[in-house]
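Trainee: I want to learn how the labels on a model are justified. Can we go through them one at a time?

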Amino acid sequence: MNKIFAVIRREFIERVRAETGIALDIISAKEEARLAVLGCHLMLEGGEGPAMVFDIGGGSTEWCSIRDGELRSVRSLALGSLRCADALEGDPPTTASLDRLRRQVRERLGRVRTPVRADVQQGARQSYTPLRGSTSPKP
């Protein structure tokens, strides 16, 4: 972990506790994925074969493979909705900006080996629905 980030994180945690009384706990990507799978558990019950949960956050996206009701593997990529939005120029975004972002996303995804081929896919956050629609074949 970056030393500067570690210091900022520690200061942030201390400030939140001092000002609100809330004790924050920073979790790992694997723990975040485990919690996402738990959150989707009811939607996945009864499914046959392997399943995949996508957890699309602001800074990263996790792919979680589930088999027989157990979390089998997690892949994390620093490619979240806020990171993508920050890469766009203009409001609305320019065509060139969107094209550049699409190329960058394809390039990053091309380097990631997905955990499993899944019969069931489930998104853990609201941003999954538009993503699923954008990757579906056009009628």
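Trainee: Why is phenylalanine 12 called partly exposed?

Mentor: This is a predicted model. In it, phenylalanine 12 has a relative accessible area of 49%. Buried means under 20% and exposed means over 50%. The 49% of phenylalanine 12 lies in between, so the label is partly exposed.

Trainee: What makes Phe12 part of a nonpolar patch with Ile22 and Leu24?

Mentor: A patch residue needs over 30% relative accessible area, and nonpolar side chains are joined within 5 Å. Phe12, at 49%, passes the area cut-off. Together, Phe12, Ile22 and Leu24 offer about 280 Å² of accessible area. Phenylalanine 12 itself sits in helix H1, residues 3–20.

Trainee: How do you know that arginine 15 and glutamate 19 form a salt bridge?

Mentor: Their closest N and O atoms are 2.7 Å apart. The cut-off is 4 Å, so the pair qualifies.

Trainee: What separates arginine 15 and glutamate 19 along helix H1?

Mentor: They are 4 residues apart in helix H1, which means about one helical turn. Arginine 15 has 56% relative accessible area, and glutamate 19 has 57%. Exposed means over 50%, so both residues earn that label.

Trainee: Why is the contact between glutamate 89 and arginine 100 called a salt bridge?

Mentor: The closest N and O atoms are 3.1 Å apart, so the pair is within 4 Å. This pair links distant parts of the chain: glutamate 89 is in the loop between H3 and H4, arginine 100 is in helix H4, and they are 11 residues apart. Glutamate 89, at 46%, is partly exposed. Arginine 100, at 28%, is partly exposed too.

Trainee: What makes aspartate 99 and arginine 102 a salt bridge?

Mentor: The N to O distance is 3.2 Å, so the 4 Å limit is met. In helix H4 they are 3 residues apart, about one helical turn. By this rule, the count comes to 3 salt bridges.

Trainee: Why is serine 65 called buried?

Mentor: Serine 65 has 1% relative accessibility. Buried means under 20%, so the label holds. Serine 65 is in strand E2, residues 61–67. Its side chain makes a polar contact of 2.7 Å with the side chain of serine 73.

Trainee: Where is confidence lowest, and where is it highest?

Mentor: It is lowest in helix H5, residues 128–135, at a mean of 41, and highest in H4, at 90. Over residues 127–139 the pLDDT is below 50. Beyond near neighbours in sequence, that stretch has 8 contacts in the model.

Technical notes: Residues are numbered from 1 along each chain as its sequence is written. This is a predicted model: local features need pLDDT of at least 70, side-chain atom pairs count only at pLDDT 80 or more; totals for chains, interfaces and linings use all residues. Side-chain values use heavy atoms; hydrogens and water are left out. Patches are made of residues with over 30% relative accessible area and no salt bridge: like charges are joined within 9 Å, nonpolar side chains (Val, Leu, Ile, Met, Phe, Trp, Tyr) within 5 Å. Accessible areas come from the Shrake-Rupley method with a 1.4 Å probe; for residues, only the protein chains shown count as cover. A salt bridge is a side-chain nitrogen of Lys or Arg within 4 Å of a carboxyl oxygen of Asp or Glu. Helices (H or I, at least four residues) and strands (E, at least two) are DSSP runs, numbered from the N terminus. Buried means under 20% relative accessible area, exposed over 50%, partly exposed in between (1.4 Å probe, protein chains only). A polar contact is a pair of N or O atoms within 3.5 Å; within protein, one must be able to donate a hydrogen and the other to accept it, and residues adjacent in sequence count only if both atoms are side-chain atoms. pLDDT is the predictor's confidence in each residue, from 0 to 100. Contact means heavy atoms within 4.5 Å.
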